[in-house]
Amino acid sequence: MKIGFVGLGIMGSRMAENLLADGHELIVFNRSVDKADSLLENGAKLATGLEDLGKQADVIFTMLSTPAVVKSTAEEFLPYMKEDAWWVDCSTVNPSFSRQMAVLAAKYNLRFVDAPVAGSKAPAEKGELLFLAGGSENALSELQPFFDAMGKKTLYLNNVGNGANVKMLINLLLAQSLATFSEAMKLGLSMGLAEKQLLQILSSTPVVSPVVGLLKERLLNKDFEVNFPLKWIQKDIGLALQTADEFNLSMPSLATTQSLYQEALNNGYGDVDFSAIYANMIA
Ligand code: NAP
């Protein structure tokens with residue numbers, strides 16, 4: 001099977017490298033073409049455009065920023081794909097959007113699955129992502145070798161949109177964990193407690209999310225080199241609130257969290273790691 005890959009950012013570039021390293025034939029496309037350079041050196045081919053990519057690939061993976069970008073990109077390759085070919089969207093999007101994309105793909109007699117990933121830059125590089133696939137193991141068996149090349153595990157969630165559902169819940173908890181922790185640190189620091197000791201103590205208790213433990217050295221060193229851009233977690237908070245709206249649910253603590261990340265965005269933290277919410281909140 002010839003694989004197409006669109007979206008060679010922090011995540012996509014590393015996922016594509018792992019497909020290549022696993023011996024798959026790969027054709028790539030990215031808005032900023034220079035991001036394909038290392039993949040081309042390692043044997044990937046560059047599509048001349050999305051139409052060319054659509055014509056050549058038997059399965060296309062997308063790893064793009066937002067639902068709007070996913071849709072406008074897909075509209076340029078879907079009409080040219082071979083009947084029964086696969087489109088696998090790994091981008092973090094909202095579930096109702098994934099279901100709309102499944103309908104759009106079906107109009108062209110194509111197969112679609114949402115397969116967002118849990119794990120950031122390092123797991124993407126090591127091929128250790130967790131795939132959250134909106135389909136059954138049986139229906140997605142042809143895709144398993146590709147998931148295995150990029151990830152350590154695939155969870156089969158049976159219906160289209162369920163991958164996006166679970167991913168959205170993970171990210172809203174991630175956003176809230178860091179914001180809540182940062183707020184507690186702000187109070188602790190104001191009370192005169194030492195930052196290093198407080199970070200150690202709190203992150204070793206069961207009341208704090210394990211992700212804080214993983215990040216504690218970076219928080220202490222104010223090392224916010226980008227793994228997961230803050231602007232994208234803010235996008236995901238917005239998608240979760242939009243989904244809650246679709247269910248007529250109010251999520252007041254998430255709405256507050258959104259305003260906290262917005263403040264960090266306004267202060268110029270959009271392109272650094274999302275954990276910079278800590279720096280913004282304790283300042
Ligand atoms: P990124 O480095 O910012 O990459 C975004 C990708 O989208 C790039 O290929 C970019 O192209 C493309 N793009 C953005 N706007 C575009 C436009 N208007 N037209 C065409 N292409 C456009 O982000 P990332 O961290 O790899 O994230 C990609 C997706 O994975 C997002 O949905 C994110 O929420 C999700 N995700 C991220 C992580 C993480 O830890 N980073 C983990 C899991 C899931 P250019 O290169 O030309 O800008």
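**Exercise 1.** How far does a backbone N or O atom of Leu64 lie from an oxygen atom of the ligand?

*Solution.* In this predicted model, the separation between a backbone N or O atom of Leu64 and an oxygen atom of the ligand is 2.9 Å. A polar contact requires a pair of N or O atoms within 3.5 Å, and a backbone N or O atom of Gly9 lies 3.5 Å from an oxygen atom of the ligand. Turning from backbone to side chain, an N or O atom in the side chain of Ser120 is 2.5 Å from an oxygen atom of the ligand. On its own the ligand has 890 Å² of accessible area, of which the protein covers 86%.

**Exercise 2.** Describe the shell of residues around the ligand, beginning with those that come nearest and ending with the classes.

*Solution.* Of the 25 residues around the ligand, the nearest are Asn30, Ser32, Lys35, Ser120 and Lys235. Helix H11 (230-246) and helix H1 (10-21) are the elements that give two or more residues to this shell, and H11 provides the largest share, 3 residues. Sorted by class, the shell holds 10 nonpolar, 10 polar and 5 charged residues.

**Exercise 3.** Where does the ligand sit, and why does it lie between domain 1 and domain 2?

*Solution.* The first step is to place the ligand, which sits in the largest pocket. The second step is to consider the domains: because domain 1 (2-158) and domain 2 (165-282) both give residues to the shell around the ligand, the ligand lies between them.

Methods:
Residues are numbered from 1 along each chain as its sequence is written. This is a predicted model: local features need pLDDT of at least 70, side-chain atom pairs count only at pLDDT 80 or more; totals for chains, interfaces and linings use all residues. Side-chain values use heavy atoms; hydrogens and water are left out. A residue is near a molecule or strand if one of its heavy atoms lies within 4 Å of it. A polar contact is a pair of N or O atoms within 3.5 Å; within protein, one must be able to donate a hydrogen and the other to accept it, and residues adjacent in sequence count only if both atoms are side-chain atoms. Accessible areas come from the Shrake-Rupley method with a 1.4 Å probe; for residues, only the protein chains shown count as cover. On a 1 Å grid over the protein atoms alone, a cavity is a set of points where a 1.4 Å probe fits but cannot get out, and a pocket is an open set with protein on both sides within 12 Å along at least five of seven lines; lining residues have an atom within 4 Å of a point. A molecule sits in a cavity or pocket if more than half of its atoms lie within 2 Å of its grid points. Helices (H or I, at least four residues) and strands (E, at least two) are DSSP runs, numbered from the N terminus. Ala, Val, Leu, Ile, Met, Phe, Trp, Tyr, Cys and Pro count as nonpolar, Asp, Glu, Lys and Arg as charged, and the others, Gly among them, as polar. Domain bounds come from an automatic or database domain assignment.
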